[in-house]
Amino acid sequence: MNSGARNLLLLSSSRLHGYGYLEHARAQLEDLFKAKNVKTVLFVPYALRDHDKYTATVRAALQPWGYAVEGLHTKPDPGRALREAQAIFVGGGNTFVLLKQLYELQLVELIRQLVLEQGLTYVGSSAGTNVATRSIHTTNDMPVMQPPTFEALALVPFNINPHYLDADLSSQHKGETRDERIEEFVSYHARPVLGLREGTSLRVQGDRATLLGERNAKLFKSDGSTVEYEPQSDLSFLLKE
């Protein structure tokens with residue numbers, strides 16, 4: 001596949017303390033959409049139960065900025081709607097529910113083809129970012145439903161942990177930390193995981209990946225070590241399988 005066509009924005013979350021819905025990412029979204037002259041966004045609401053309400057929330061955020069929003073769930077032929085879309089936004093919620101629905105509707109291969117070969121603009125947030133990666137093993141969600149596989153869209157060849165949270169060293173909680181859970185995944189699968197803290201995102205243009213936002217991201221490398229990267233860091237090396 002021609003990964004050089006990729007045009008992705010992978011957000012840790014749609015909400016950030018002190019901002020309205022998607023407000024913290026407005027400049028990033030507008031840069032993404034303007035680059036491809038996007039006027040209408042096809043929203044994929046399957047990660048939450050109430051698809052109409054979820055789509056209305058996204059429309060209320062994007063419409064004042066000049067973008068129309070349509071819900072994929074309202075389309076009688078989802079495949080055709082995706083082929084005709086200017087951009088898709090896959091929203092957050094439960095990653096297991098989302099991936100199960102994408103497989104049931106037979107949309108996984110189609111989305112992968114449209115994004116990697118035809119350059120369909122893709123925005124993911126939280127669960128939508130999880131499914132954009134190689135697999136959903138590093139989601140934080142409860143497995144309330146069971147998709148046929150954890151393998152996902154593989155728009156990028158590594159994993160991401162959205163909402164990455166540093167351990168609170170002053171806490172008396174003795175359960176596993178986020179780091180320990182991600183390190184366990186790496187020990188079994190030997191592939192990198194990018195921990196995206198709230199307010200950060202990954203911009204992917206072809207074979208170039210850049211960290212955006214106001215905070216660092218933490219990379220759990222396949223050899224078990226970790227590295228912190230500052231905003232605007234070039235993370236293109238992660239795209240090399």
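Helices (H or I, at least four residues) and strands (E, at least two) are taken as DSSP runs and numbered from the N terminus. The model is predicted, so local features need pLDDT of at least 70 and side-chain atom pairs count only at pLDDT 80 or more, while totals for chains, interfaces and linings use all residues. Residues are numbered from 1 along each chain as its sequence is written, and side-chain values use heavy atoms, with hydrogens and water left out.

Helix H5 spans residues 108-118. Its buried residues (under 20% relative accessible area; 1.4 Å probe, protein chains only) are Val108, Leu110, Ile111, Arg112, Leu114, Val115 and Leu116. These residues pack against strand E1 (7-11), helix H3 (78-84), E4, helix H4 (95-104) and strand E5 (121-125); contact here means heavy atoms within 4.5 Å. Gly119 follows H5 and has a positive phi, near 75°.

Two open sheets are described next. Strands count as paired if DSSP finds at least two bridges between them. One sheet has 7 strands in the order E3-E2-E4-E5-E1-E8-E9, with mixed pairing. Strand E3 (68-71) and strand E9 (208-212) are at the edges. Each has a single partner strand, so one side of each lacks a neighbour in the sheet. From one strand to the next, the twist averages 20°. Axes are lines fitted to C-alpha atoms, for helices over the stretch in contact, and angles run from 0 to 180 degrees between N-to-C directions. Within this sheet, strand E2 (residues 40-44) and strand E4 (residues 87-90) run parallel and are joined by 3 bridges. Val44 lies opposite Val90 in E4. Helix H2 (residues 51-62) packs on the sheet and touches E2, E3 and E4. The direction of H2 makes about 170° with that of E3.

The other sheet is also open. It has 4 strands in the order E6-E7-E10-E11, again with mixed pairing. E6 and E11 are the edge strands, each pairing on one side only. Here the twist averages 25° from one strand to the next. Strand E7 (residues 193-196) runs antiparallel to E10, with 4 bridges between them. Leu194 stands opposite Leu219 in E10. H7 packs on this sheet, touching E6, E7 and E10, and its direction makes about 35° with that of E10. E10 also pairs with strand E11 (residues 226-229), in the antiparallel sense and over 4 bridges. Ala217 has Tyr229 of E11 as its bridge partner. E10 and E11 form a hairpin with 5 residues between them. In the turn, Gly224 has a positive phi of about 95°.

The whole structure contains 6 aromatic pairs. Rings of Phe, Tyr and Trp (its six-membered ring) pair if their centres lie within 6.5 Å; planes under 30 degrees apart count as stacked, over 60 as edge-to-face and the rest as tilted. The ring centres of Tyr164 and Phe220 are 5.8 Å apart and their planes stand at 70°, so this pair is edge-to-face. The pair links distant parts of the chain, 56 residues apart. Tyr164 lies in the loop between strand E6 (159-161) and helix H7 (178-189), and Phe220 in strand E10 (residues 217-220). Tyr164 is buried at 2% relative accessibility, and Phe220 is buried at 1%. The ring centres of Tyr229 and Phe237 are 5.9 Å apart with planes at 45°, so that pair is tilted. Phe237 is partly exposed, at 37% relative accessibility; this class lies between buried and exposed, the latter being over 50%. Phe43, Tyr54 and Phe89 form one aromatic cluster.
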